[in-house]
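Subject: Structure for you to look at

Hello,

Here is the structure I promised. Please open it next to this email while you read.

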Amino acid sequence: ESDAWAMSYIGGTLVYSFDKIGPSCGGYSRGCMHVIGQRAAWWGSVGFWLFDGSLRPLDESPATLPTE
């Protein structure tokens, strides 16, 4: 499956919830994601993606993203 999912800690008996955040934009391989503060960027099968509460494709290389 190549969808992207977000996992959130909710506690209780379920412990975590999973929400699909985007179709066909999942990670291309292990180690392809990098977390920068509250943002995550990764290489997918159809380009680079950024998630910071909303999902969007990156128009530039992740190497040019600002760091904290």
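Below is what was found, starting with the sheet.

This is a predicted model: local features need pLDDT of at least 70, side-chain atom pairs count only at pLDDT 80 or more, and totals for chains, interfaces and linings use all residues. Residues are numbered from 1 along each chain as its sequence is written, and side-chain values use heavy atoms, with hydrogens and water left out.

The sheet. Four strands (DSSP E runs of at least two residues, numbered from the N terminus) make an open sheet, ordered β3-β4-β5-β6. Pairing (at least two DSSP bridges between two strands) is antiparallel. β3 (33-36) and β6 (55-57) are the edges; each has a single partner strand, so one side of each lacks a neighbour in the sheet. β4 (residues 39-44) pairs with β5 (residues 47-51) over 5 bridges. Across that pair, W42 stands opposite W49 in β5.

The core. The largest nonpolar core (buried Ala, Val, Leu, Ile, Met, Phe, Trp, Tyr and Cys joined through side-chain atoms within 4.5 Å; buried is under 20% relative accessible area, exposed over 50%, partly exposed in between, with a 1.4 Å probe and protein chains only) has 6 residues: A4, C25, C32, A40, W42 and W49. Beyond four places in sequence, A4 touches (heavy atoms within 4.5 Å) D19, K20, I21, G22, C25, G26 and W42.

F51. This residue sits in β5. F51 is partly exposed, at 22% relative accessible area. Its C-alpha lies 6.4 Å from that of A41, 10 residues away along the chain. Leaving out residues up to four places away in sequence, F51 touches I21, Q38, R39, A40 and W42.

Best wishes
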